[in-house]
Each structure stands twice: as C-alpha cells, then as structure tokens.
Protein chains: 4
Amino acid sequence: MTKPLTSELGWSTVDSITVYGQDLPGEILGHVDVGGMAFLGLMGRLPTAGESRVFNSLIVSLVEHGQTPSTIAARLTYLGAPESLQGAVASGLLGLGSVFVGSMEGAASLVQTALSSAEPGKPIAEVAKETVAELLASKQPLSGFGHPKHKPVDPRAVRLFAIAKEEDLYGRHCQLMEAMSVEINAQSNKVLPINATGAVGAIASDLGIPTVVIRGLGVIARSIGIVVHLLEETKNPIAKEIWNRIDDEVTDAQINPSRSSA
Amino acid sequence: MTKPLTSELGWSTVDSITVYGQDLPGEILGHVDVGGMAFLGLMGRLPTAGESRVFNSLIVSLVEHGQTPSTIAARLTYLGAPESLQGAVASGLLGLGSVFVGSMEGAASLVQTALSSAEPGKPIAEVAKETVAELLASKQPLSGFGHPKHKPVDPRAVRLFAIAKEEDLYGRHCQLMEAMSVEINAQSNKVLPINATGAVGAIASDLGIPTVVIRGLGVIARSIGIVVHLLEETKNPIAKEIWNRIDDEVTDAQINPSRSSA
Amino acid sequence: MTKPLTSELGWSTVDSITVYGQDLPGEILGHVDVGGMAFLGLMGRLPTAGESRVFNSLIVSLVEHGQTPSTIAARLTYLGAPESLQGAVASGLLGLGSVFVGSMEGAASLVQTALSSAEPGKPIAEVAKETVAELLASKQPLSGFGHPKHKPVDPRAVRLFAIAKEEDLYGRHCQLMEAMSVEINAQSNKVLPINATGAVGAIASDLGIPTVVIRGLGVIARSIGIVVHLLEETKNPIAKEIWNRIDDEVTDAQINPSRSSA
Amino acid sequence: MTKPLTSELGWSTVDSITVYGQDLPGEILGHVDVGGMAFLGLMGRLPTAGESRVFNSLIVSLVEHGQTPSTIAARLTYLGAPESLQGAVASGLLGLGSVFVGSMEGAASLVQTALSSAEPGKPIAEVAKETVAELLASKQPLSGFGHPKHKPVDPRAVRLFAIAKEEDLYGRHCQLMEAMSVEINAQSNKVLPINATGAVGAIASDLGIPTVVIRGLGVIARSIGIVVHLLEETKNPIAKEIWNRIDDEVTDAQINPSRSSA
C-alpha cells in the first residue's frame with residue numbers, strides 16, 4: 001500500500017558523499033562554483049563554460065535591486081528577531097511572488113508558448129508580430145517589457161543579451177523577445193524596453209531551465225542580496241527609523257485629523 | 001528629529017545601475033560569478049582568484065545534504081501551496097537555526113574567541129590544549145566536531161582544508177581547529193572529527209567573513225538546495241506519501257492503542 | 001508628491017490606547033473574546049451574540065485537523081530552530097495555499113458568484129441546478145464538496161450549518177450550497193458531501209466576511225493549532241524520527257537499488 | 001529500531017472527529033470559543049468561566065498594537081505576493097522574536113524563577129526587594145517593565161490585572177510583578193511601569209501556561225492583527241508609498257551626497 005520514498009539528489013555512506021550524482025569532495029568541491037552547482041542541481045549536468053558564464057550572470061543580475069519591499073521587510077523582521085537571520089531572510093523572500101519575480105515566469109511563458117504553438121518554420125519576426133497583436137488586442141500584460149525608470153533601454157537587459165551572444169547561447173527565445181520589443185513599438189505608441197526580468201526569462205528559456213523553477217533563480221539571487229542587506233543593517237540600521245516615521249505619521253493623522261488633511 | 005535613511009548597496013539613475021559600488025552592467029555582469037557576487041556584497045571588494053575558489057567551495061559544500069528536516073518541510077509546504085515556490089523555500093530555510101546551521105556560528109565563534117583572547121605569540125598548539133581543556137571541564141558543546149555517520153573523518157572537511165591550503169588561505173583559525181581536534185582525541189576518549197560545519201566556520205573566519213552572517217552562507221546555499229528539491233518534487237513527489245504514512249500511523253495508534261503498543 | 005500614510009486600526013497617546021475605533025482597556029479588554037476581536041477587526045463592528053457564536057465556531061472548526069503537511073512542516077522546522085517558535089509557526093502556515101485552505105475561498109467564490117450573477121428572484125433550487133450543470137459540463141472543480149474519509153456526510157459541515165440555523169444566520173449562500181449538494185448527487189453518479197471548508201465558505205459568505213480574507217480565517221485558526229502541535233513536540237517529539245525514517249529509506253534505495261525495487 | 005509516531009491532538013474515523021480528546025462536532029463546535037479552544041489545546045482541559053475571560057483578555061490585548069515592524073513587513077510582502085495571504089502573515093510573524101514578544105517570555109521567566117527559587121514562605125515583598133536588587137546590581141534587563149510612551153502607567157497592564165482580580169486569578173506571580181514595580185521605583189530613580197507584556201507574562205504564569213509557548217500567545221494574537229492589516233491594505237494601501245519614499249531617500253543620498261548631508 002505504501003509508495004517507496006526515493007530521491008536522487010544526495011546520500012552518503014561512512015566515507016563517501018554523493019550529491020547530484022557526483023562525488024562531492026572529489027568531483028565537486030574546488031571544481032564547481034556556486035552558479036555551476038545550481039545549474040548541476042537544476043539541469044542534471046555540469047554547465048559548459050559558456051553556459052556557466054551566462055547562467056551565473058542571470059543570477060548575479062537579480063541579487064541586488066536597491067531598496068525593495070523584500071529587503072525592507074527583511075530589515076524590519078531582523079529588528080524584532082536578530083537571533084534568527086534565517087527568519088529575516090525568509091520574511092524577505094516571501095514577497096517574491098506574482099508581482100515582482102512572477103514577471104520572469106510570465107516573460108518565459110510568453111516566449112515559450114508563442115514558439116511552441118507557432119507552425120514549424122514560421123519566421124521569428126512573424127511570430128513576434130502575431131503574438132504582439134494578440135496581446136495588445138486582448139489587453140493582456142506584456143510581461144518582461146517596460147520599466148518605470150530605465151528608458152529607452154534597461155542596461156541590464158542589453159548586457160545580458162550581449163553576454164548570451166558572446167557565448168553562442170542567444171537562441172530563439174531571445175530573438176523572439178527582441179523582435180517583440182520592436183513590434184510593440186511599431187503596433188502601439190509605447191516605447192517599452194525589454195526589462196531585466198524579460199531578458200532573464202528569455203535567456204533562461206534558451207538555456208532550458210524548467211519553467212517551474214525560473215522563479216527560483218530570483219529566490220536564490222535574493223537570498224544573497226537579503227543577507228547583504230542584513231549585514232548592512234547591523235552597521236547602519238534603518239529599520240527602526242522607518243518604523244518610527246510610519247508610526248508617527250499614522251498616529252498623528254488619527255490624533256490631529258484636521259492638520260493632516262490640511 | 002528624523003534620522004536620514006541611507007544604504008550603500010544599490011541605486012540607479014535613468015541609464016546607470018550601481019550595485020556594491022560597481023557599475024552592474026559594465027563591471028559585474030559577465031565578469032563576476034554568483035559566489036564572487038556574494039563575496040563582494042559581504043566583504044565590500046571582489047575576491048582574489050584564491051579567495052573565490054575557497055569561498056565558492058564553502059557555499060557549495062552546504063547546498064545539498066540529502067533529506068533534511070529543512071528539505072522535507074519545504075516539500076510538505078509545496079504540497080499545499082504549489083503556486084508559491086518562494087513560500088516553500090522560506091519554509092525550509094526557517095529550520096536553519098541553532099541546531100543545524102548554528103553549529104557553524106558556534107565553531108567560528110570558538111576559534112575566533114580562543115585566538116583573540118590568547119596572549120600574543122602563544123603557539124597555536126598551546127591555545128588548542130587550553131581551549132579544549134576548558135571546554136571539556138565546563139562541559140560546553142564542542143561546536144564543529146563530531147558527526148553521526150562520517151568517521152573517523154568527514155571527507156568534506158578534509159577536502160575544504162586541502163583547498164584552503166592550495167590557495168594559501170589556510171590560516172590561524174584553521175590551524176587551531178585542526179590542533180583542537182588532536183587535543184580532543186588526546187584529552188578525552190572520543191574520536192571527534194572536524195565536521196563540515198566546523199571546517200566552514202574555521203575557513204570563513206580566516207577569510208574574514210563577519211560572524212553575524214556566517215549563518216547566512218548556509219542560508220544562501222540551502223536556498224539553492226531547496227529549489228532543487230522542489231523541482232524533484234514536481235517530477236517524483238514524496239510529500240503526500242510522507243504525510244499519509246504519518247497520519248495513518250498516528251491515527252491507528254489512537255484508534256487501536258492495544259495493537260500499537262503490542 | 002508624497003501620499004499620506006494613514007491607518008484606522010490602532011494608535012495611542014500617553015494615557016489612551018485606541019484599537020479598531022474603541023478604547024482598548026475600557027471597551028474591549030474583559031468584554032470581547034478572541035473571536036469577537038477578530039470579527040471586530042474584519043467587519044468594523046462587534047458581532048451580535050449569534051454572529052459571535054457562529055463566527056467562533058467557524059474558526060474553531062479549522063484549528064486542529066490532526067497530522068497535516070502544515071503541522072509536520074512546523075515540527076520539522078522547530079527541530080532545527082527551537083529558539084524561534086514564531087519561525088516554526090510561520091513555516092507551517094506557509095502551506096495554507098491553494099490546495100488546502102484555498103478550497104474555502106473557492107467554495108465562497110462559487111456561491112457568491114452564482115448568487116450575484118443570478119437574475120433577481122430566481123429560486124435557489126434553480127440557481128443550484130444551473131450552477132452544477134455548468135460546473136460539471138466545464139469540468140471545473142467542485143470546491144467545498146467531497147472528502148476522502150468522511151462519507152456520506154462530513155460531521156463538521158452538518159454541525160456548522162445547524163449552528164448557523166440556530167442563530168438565524170443560515171442565509172442564501174448556505175441554502176445554495178446545500179441545494180448544490182443535492183444537485184451534484186442528482187446530476188452525476190457521485191455522492192459528494194459538503195466538506196468543512198465548503199460549510200465555512202458558505203457561512204462566512206452569509207456573515208459578509210470579505211472574500212479576500214476568508215483564507216485568513218484558516219490562517220488564524222491554524223496558528224493556534226500549530227502552537228499546540230509544537231507544545232506537544234516538546235513533550236512527545238516525533239520530528240526527528242520522521243526525518244530519520246525518510247533519510248534511511250531514501251539512502252537505502254540509492255545504495256541498494258535492487259533490494260528496494262524487489 | 002523505529003520509534004512509534006504518536007500524537008494525542010486529533011484524529012478521525014469515517015463518522016467521528018476527535019480533537020483535544022473531545023468530540024469536535026458534538027462537544028466543541030457551538031460550545032467553545034476561539035480563546036477556549038486555544039486554552040483547551042495548551043492546557044488539556046476547558047477553561048473555567050473566569051479562566052476563559054482572563055485568557056481571552058491576554059490574547060485580545062496582543063492583537064493590535066498599531067503600526068509595528070511586523071505589520072509593515074506583512075504589508076510590504078503582500079505588495080509583492082497578493083496571491084499568498086498566508087505568506088504575508090508568515091512574514092509578519094517572523095519578527096515576533098527576542099526583541100518584542102520575547103519580553104513576555106522574559107517577564108514570565110523572571111517572576112517564575114524568583115518564586116521557585118525563593119525559600120518557602122518568604123513574603124512576596126521580600127522576594128521582590130531581593131530580586132530587584134540583584135537585577136539592578138547585575139544590570140540585567142528588567143523584562144516587562146517600562147514603556148516609551150505610556151507613563152506613569154500602561155493602561156493595558158492596569159486593566160489586565162484588574163480583570164485577573166475580578167476572576168480571582170490574580171496570584172503570586174502577579175503580586176510579585178507589582179511588588180517589583182514598587183521596588184524598582186524605590187531602589188532606582190526610574191519610574192518603570194509594568195507594561196502590557198509584563199502583565200501578560202505574570203498572568204499567564206498564574207494561569208499555568210507552559211513557558212515554552214507563552215510567546216505563542218503573541219503569535220496567535222498577531223496572526224489576527226496581521227490579517228486585519230492586510231484587509232486594510234486592500235482598501236487603503238500604504239506599502240507602495242512606504243517603499244517609494246525609502247527608495248527615493250536612499251537613492252537621493254547616494255546621487256546627491258552633499259545635499260543630503262547639508
């Protein structure tokens with residue numbers, strides 16, 4: 001009646017430790033970097049040199065985006081529970097949902113679906129034209145396009161595509177995303193640059209990263225970024241000041257409603 | 001009355017993105033790997049080639065430890081909320097507390113305190129002798145020593161120390177930890193090998209990683225490992241079977257207490 | 001340029017504390033129970049005696065469901081971080097997503113949408129007939145119906161509806177849900193009882209609980225249940241045994257594949 | 001070799017559901033309120049009417065404390081992942097650590113230790129005098145005393161003690177805490193009122209709530225409070241404005257350092 005419990009990720013004996021199908025001390029440690037280890041875990045094989053450079057760049061691009069809801073939440077949590085660094089990191093990661101990191105998934109899904117449902121051999125430019133027309137007509141979100149600050153281009157996207165080209169890993173998903181950007185500008189009045197999450201979604205699709213864990217690239221990257229924010233919080237704390245200001249403003253608006261609305 | 005809010009980690013203008021004091025597209029992307037990015041964030045400078053290899057190895061050694069309370073919790077959480085990968089990762093990270101990852105902090109603190117409180121010039125072997133005597137006499141935990149399965153040595157610790165030596169980064173904290181291992185065996189009847197967390201704690205101390213974020217190395221590493229477990233859970237699910245077995249056994253013991261206690 | 005930050009939930013002066021528009025020490029403490037406090041917060045007014053009994057029953061019915069993925073995850077997390085009770089509770093709550101607690105939202109949404117989109121004056125029995133026909137035809141999930149163990153009825157649902165009737169709070173959403181249950185049995189071959197989440201969803205809809213926080217009733221209830229599980233874990237620990245069994249079985253299957261598959 | 005997995009909290013058969021040793025539909029639903037259910041889970045028996053009123057008041061007093069790091073973190077998390085209410089609640093709960101809710105544990109531990117280590121029969125006033133003298137001499141924290149805003153008394157503490165007295169549940173732990181408050185004022189120049197967490201810690205000790213889950217009362221209470229904040233966030237959002245202000249100020253200080261420091 002019971003189903004066996006199995007996993008191929010890691011196990012050990014008295015004198016050996018096998019991880020991702022390799023001997024951890026002998027084949028991995030000293031030979032594989034952090035990005036390569038993540039690639040090995042997700043793809044079941046070590047990356048080529050080119051894949052390693054591109055994959056590392058994807059994650060690196062997501063590590064630090066300045067003050068975000070995620071890092072602020074982590075700092076506020078750390079203020080109350082400094083003994084639990086892991087809790088503050090978890091608190092920050094929990095905001096990586098549909099609104100922010102979800103756009104990477106959306107962008108990946110967009111280009112993957114467009115390509116897989118296109119007739120074989122149809123030129124990318126035509127796929128882009130039809131996909132954009134459809135998205136605009138149905139007013140669906142243009143995941144991966146547009147940025148509130150970086151215009152006319154998002155310099156991270158430009159650079160990530162350049163790295164993918166240098167390593168011969170700029171494939172059909174990247175081509176489609178750039179062709180779609182041209183089409184969006186042509187078919188609407190808007191100039192919507194490919195943003196960083198769009199570039200990551202397209203490049204990850206060309207690398208073959210499973211869609212279900214594309215969000216995971218952001219989670220991995222931000223766990224680094226949040227740890228760095230918490231370290232800065234120990235040296236230059238801002239969470240208490242943020243809290244005090246909000247509390248004061250909200251309280252003042254309740255106690256002196258006329259003054260606040262003036 | 002208000003204190004200014006400042007942070008030096010990241011900010012951007014219309015056409016530039018500065019992260020950790022560097023131009024993200026121009027100086028970081030394509031040049032720095034994930035481990036190097038974490039080092040840059042935590043230490044405020046890029047690692048040397050040797051530091052990069054050692055630091056990457058520390059994190060890589062912590063990514064995957066087989067089935068752990070942390071990965072099982074993450075899989076169980078994913079079963080109920082598959083739409084929130086970040087929630088399942090957070091759930092798993094929350095167990096990285098005093099019992100498991102905390103031992104890295106303990107080991108680091110042990111060798112750091114012993115060295116910083118020793119008289120200048122005192123030989124490492126003597127510091128080790130006195131430190132171990134004190135710990136044994138006061139029955140304090142020997143953080144970083146001992147492993148339930150890996151005996152007489154933990155192959156990860158052996159390999160990590162070897163890599164540190166190859167890169168000339170095997171310093172006084174590592175020396176003290178290995179000397180303490182000898183002393184523990186001499187002063188007690190126990191053979192307690194340096195375990196992986198002990199090696200990581202000592203090497204991270206020699207690298208100068210701030211103690212307050214040593215636990216963060218484990219958090220970063222396990223965020224990778226947990227994402228990989230969740231990917232495996234989508235292909236070879238075990239969480240539901242785990243739940244069913246526990247529920248059945250607990251329920252059966254309540255309904256048929258005599259049979260269970262037989 | 002800045003938008004004022006306001007909140008009406010709570011503030012204080014030197015000698016007064018106002019919560020949910022009431023004087024906390026004078027009007028709430030000693031007068032309002034925990035369920036009433038939650039109702040006051042969510043609805044902006046104190047419950048009547050009948051509403052209080054029904055609302056308290058909804059939450060109470062969700063507190064403890066035996067061994068669940070959520071409680072097991074919390075116990076595993078507590079094993080690694082016993083110093084952070086809040087982390088273990090958080091870990092358990094994270095699994096209350098679309099699969100489990102989400103079905104309450106689904107059930108509430110089902111009956112609310114069916115009623116709000118029906119022509120005014122249409123008899124409930126007809127709304128039920130059409131709604132069920134549509135759901136079966138489009139093979140959409142019958143949220144709130146069916147239970148793997150409790151057949152032909154879920155005794156919690158029966159009792160919750162009875163309490164709502166006793167307090168004259170059994171309204172159109174409850175009527176529709178019970179009428180739909182009859183229709184499901186008539187239109188398909190299946191006997192699908194209204195389950196506890198279905199009853200909670202319908203009754204909460206009749207009470208006027210905002211749909212966006214119906215899931216929150218489960219979160220509040222399970223925070224109690226998880227704390228109780230963690231207290232039991234301190235007296236009768238099972239997390240370590242669960243972990244050991246899983247680790248052993250997975251490791252054994254890797255090391256002795258032939259034996260495992262036999 | 002395996003240890004049986006047992007739990008007494010809840011189980012079910014086809015037609016019965018037993019929770020905390022009682023028949024859930026027949027004995028609990030409609031008869032027990034939320035506070036009573038938590039008491040039953042934690043204490044293994046239903047509360048008396050007096051215990052119920054006091055216990056409910058303890059939790060109610062902790063539900064809503066205005067804008068706190070915890071509620072702000074939850075709102076920021078919800079901004080990024082509105083599909084995961086449970087994630088936002090978890091994010092907020094994670095800050096209930098040593099700094100804030102931990103003070104309840106500290107206060108409870110203080111009065112429990114002082115009483116259990118005092119000679120039998122020693123008058124409370126003397127225990128208070130010696131305990132305070134010791135704490136002041138060793139500069140240990142006076143957990144449960146002092147409040148930045150509420151002076152000379154915290155109106156919640158005054159009210160909670162009054163309710164405990166009304167229900168004849170004002171015992172030796174409460175007496176000691178109030179006696180200590182007098183002694184603190186006498187032995188130091190400071191007027192440190194008993195704060196809400198101090199009163200909760202003392203009253204919970206008199207009720208016999210296990211110390212290990214006293215923090216859990218805060219976790220349960222705040223899960224309610226956070227759900228209410230998230231509901232308000234859907235109607236009157238402030239998280240985005242908070243984020244924007246912080247991001248703008250931090251960015252401006254980097255781009256125009258001279259202006260910021262002026």
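## A first salt bridge

Let's start with a single residue: E130(B) is partly exposed, because its relative accessibility is 40%, which falls between the 20% limit for buried and the 50% limit for exposed. E130(B) belongs to chain B of a predicted model, and it has a partner in its own chain. That partner is K122(B), and the two form a salt bridge whose closest N and O atoms sit 2.9 Å apart.

The general idea is simple: side chains of opposite charge can pair when their charged atoms come close. Searching the whole structure turns up 52 salt bridges over all chains.

## More charged pairs

Over in chain D, K122(D) makes a salt bridge with E119(D), with 3.9 Å between the closest N and O atoms. Is K122(D) buried or exposed? K122(D) is buried, since its relative accessible area is 18% and the limit for buried is under 20%. Its partner E119(D) has 56% relative accessibility, so E119(D) counts as exposed.

Chain A has a pair of its own to look at. R45(A) and E51(A) are joined by a salt bridge, and 2.8 Å separates their closest N and O atoms. E51(A) counts as buried because its relative accessibility is 10%, while R45(A), at 36%, is partly exposed. Also in chain A, a network of salt bridges links R53(A) and R159(A) with E166(A) and E167(A).

## How chains A and B are related

Now for the bigger picture. A turn of 180 degrees, with a shift of 0.0 Å along the axis, lays chain A on chain B with an RMSD of 0.0 Å. The two copies are therefore related as by a two-fold rotation axis. Which residue of chain A comes closest to that axis? A90(A) does, with its C-alpha at 2.3 Å. Both copies use the same surface for the contact: 100% of the contact residues of chain A recur in chain B.

## Where A meets B

The contact draws 85 residues from chain A and 85 residues from chain B. Between them, the two chains bury about 7100 Å², and 67% of that area is on carbon and sulfur atoms. On the chain A side, L29(A), V34(A) and Q86(A) lose the most area to chain B, together making up 10% of what that side buries.

What about charged and polar pairs here? There are 0 salt bridges across the interface of chain A and chain B. Polar contacts do turn up, with 35 residue pairs found across that interface. The element giving the most to the chain A side is α11(A), with 13 residues.

## An enclosed helix

Helix α5 of chain B covers residues 85-93, and because 9 of its 9 residues are buried, the rest of the structure largely encloses it. Among those buried residues are L85(B), Q86(B), V89(B), A90(B) and L93(B).

What do the buried residues of α5(B) pack against? In chain B itself they meet α4 (69-80) and α11 (214-235). From chain A come α5 (85-93) and α11 (214-235), and chain C adds α4 (69-80) and α5 (85-93).

## How confident is the model?

The model scores ipTM 0.96 and pTM 0.97. For chain A, the mean pLDDT is 94, and 98% of its residues reach 70 or more. One caution for reading any predicted model: where pLDDT is low, the predicted coordinates should not be read in detail.

Terms used. Residues are numbered from 1 along each chain as its sequence is written. Chains are lettered from A and ligands numbered from 1 in the order in which they are written. This is a predicted model: local features need pLDDT of at least 70, side-chain atom pairs count only at pLDDT 80 or more; totals for chains, interfaces and linings use all residues. Side-chain values use heavy atoms; hydrogens and water are left out. Copies are superposed by least squares on the C-alpha atoms of residues with pLDDT of at least 70 in both. Contact means heavy atoms within 4.5 Å. A salt bridge is a side-chain nitrogen of Lys or Arg within 4 Å of a carboxyl oxygen of Asp or Glu. Buried means under 20% relative accessible area, exposed over 50%, partly exposed in between (1.4 Å probe, protein chains only). pLDDT is the predictor's confidence in each residue, from 0 to 100. Helices (H or I, at least four residues) and strands (E, at least two) are DSSP runs, numbered from the N terminus. Buried area is the accessible area (1.4 Å probe) that two parts lose on being put together, summed over both. A polar contact is a pair of N or O atoms within 3.5 Å; within protein, one must be able to donate a hydrogen and the other to accept it, and residues adjacent in sequence count only if both atoms are side-chain atoms.
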